[in-house]
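Colleague: Could you walk me through this one before I set anything up?
Modeller: Of course, have a look first and then ask away.

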Amino acid sequence: MSTPIIHQTAAEMSADLASGSVTAVELANAHYDRIAAVDGDVHAFLHLDREGALAQAASVDASRKAGEKLHPLAGVPLALKDVLTQKGVPTTCGSKMLEGWRPPYDSTVVANLKKAGVVILGKTNMDEFAMGSSTENSAYGPTHNPWDLSRIPGGSGGGSSAALAAFEAPLAIGTDTGGSIRQPAAVTGTVGVKPTYGAVSRYGLVAFSSSLDQAGPCARTVLDTAMLHEVIAGYDAKDSTSINAPVGKMIEAAKKLDVKGMKIGVVKELSGEGYQAGVLTRFNEALDLLVAAGAEIVEVSTPSFEYALAAYYLIAPSETSSNLARFDSMRYGIRIGDDGSRSAEEVMNMTREVGFGKEVKRRIILGTYALSSGYYDAYYGSAQKVRTLIKRDYEAAFAKVDVLVSPTCPTTAFKIGEKSDDPLAMYLNDVATIPVNLAGIGGMSLPCGLAPEDGLPVGFQIMSPALKDELMYHVGGTLEAALQSKWGKPLYASAPELAVK
Amino acid sequence: MAAISRDEVAHLARLARIEMTDAELDHLASEMDLILESVSRVQGVAGADIPPTSHAIAMQNVMRPDVVVPSLTPEEALSGAPAREEDRFKVPQILGEE
């Protein structure tokens, strides 16, 4: 029996499209059928743009028939995190605040996807305004992990990671402010990359914490992720923090499959105490495979990482309190209480009370406090200095090694509801991913096995110096190949069958 | 002693333009206390000689040529407006009656 088409990699779908054995319309329909069959249980999607996607697919098919030269990913379907604007398609950011809003413009990420002919199936669920590690903070209900529907799919990009693991799409877009691409990838056995800050344009990415936010590619394999990376990355004059440098050769790097002579640093502070035993077991086994592939493993110490979580939970909320001030009910989004008797300020207060959920309010208040006069130096100022120390720790480490590695998260997927009343316990999920955002460097998570104690996916994190994102693909591609030859199949092929409606 | 009082949280909510019920304020005040205790670890870690970092990839004065490019039409710009009047956003009263 041949592999069902939805189980193929994006690279395989690309080859089938090129050879004419499948059309883009057939591929889109196969995924919509899958979504209809399983998304009632998974809830990865908030909105499906069937009409738009099928029109896009038909246009790719017509171009191919006419003999036009197409991008390799033309006609391959994708799930888009609902924090990026797509013209005319609802964009909620998982918030009541933006319920029903249809943006009048495309984000640059979407414009790049459309240009390549990637077919955008719909918008995926997320923690409200990307704040969370479980997708439980969505105003539209949680997403369920396809490996175990009673568990979280990670967050904030849990919709995108679940869509990949449930074979609802072969490609997805995520955004990562403190781990929102990598942690969902880790707990769903998928691959996710947070590129160097500035490598992918933030234009049309609804801002949470502007100095940390970065969109990136997600898929089931390292090569697929690399292919998507090259589509969305690149300089954009519409984002003043966009880096004006050529995009590296990610696809080439993912195909190298050889790490002889490379030096890989294990971050001492990001393993050990607080990490689940099975996570460490699989992480250490992956290190052995890299050694067998010719890499040299050394331990590296980054003493300031101890303060990264605290610094992050001051910097991100501070930027949040400023960024989310734009949701004032005046120009777009919902408006509550405008009965003619109330002032603009009263309407604003009522709208923000109703429109924002608990976690968003918590962070706005925390940020407002950290930025207020009298506390600014002690909180925000101190956090910014810690950020400098973390950057210097990375610089010192990268002077000695090519890439750094750690488990992506301390544990496998936890139960829905388990941590929702304990913000501090929830924040700890991001302890290993946050330092990357603070330093603006690249980070990848790829699956390195199932934890023996619970049979759930474990993520392996690779961190590369700024603007050297190809190194993640180089090491990640090599590790993935070694793992798959050990297992005899990719990890995602072991995922339990979902009930089909 | 609590790092932050309920009254302070109420003040912050007013500054942030978020109406909050008494129950919400009570809950948030106790949570904020725990969170502040946790994040205050950053204090005193870095010496006075350490400069703050606002952006990891430093850039300054990013300029582009001042060229007119197509932008949103009034219809597009107003497409998400909760209320509009002609080509304008219609908002509740901003000034007092007097």
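Colleague: Among contacts in chain A between residues at least 6 apart in sequence, what percentage join residues at least 24 apart?
Modeller: Keeping in mind that this is a predicted model, the share comes to 77% of the chain A contacts between residues at least 6 apart in sequence.

Colleague: And how many helices and strands are there in chain A?
Modeller: Chain A holds 16 helices and eleven strands, and its C-alpha atoms fill a box of roughly 70 × 55 × 45 Å along the principal axes.

Colleague: What radius of gyration does chain A have, set against a compact globule?
Modeller: For 501 residues a compact globule would come out near 23 Å, and chain A has 21 Å, so the value agrees with that expectation. As for burial, 62% of the 501 residues in chain A are buried.

Colleague: Switching to chain B, what is its pattern along the sequence?
Modeller: Chain B reads α-α-α-β-β from one end of the sequence to the other, which corresponds to a total of three helices and two strands.

Colleague: What about the radius of gyration of chain B?
Modeller: There the globule rule is not matched, since a compact globule of 98 residues would have a radius of gyration near 13 Å, but chain B has 23 Å. The C-alpha trace of chain B spans about 55 × 45 × 25 Å along its principal axes.

Colleague: And what percentage of chain B is buried?
Modeller: Buried residues account for 20% of the 98 residues in chain B, while in chain A the figure is 62% of 501 residues.

Note on methods: Residues numbered from 1 in each chain as written. Chains lettered and ligands numbered in written order. Predicted model: local features only at pLDDT ≥ 70, side-chain atom pairs only at ≥ 80, totals over all residues. Helix = DSSP H or I, 4+ residues; strand = E, 2+ residues; numbered from the N terminus. Rg over C-alpha atoms; globule rule 2.2 N^0.38 Å. Buried ≥ 20, exposed ≤ 12 C-beta atoms within 10 Å, placed from the backbone. Contact = placed C-beta atoms within 7 Å.
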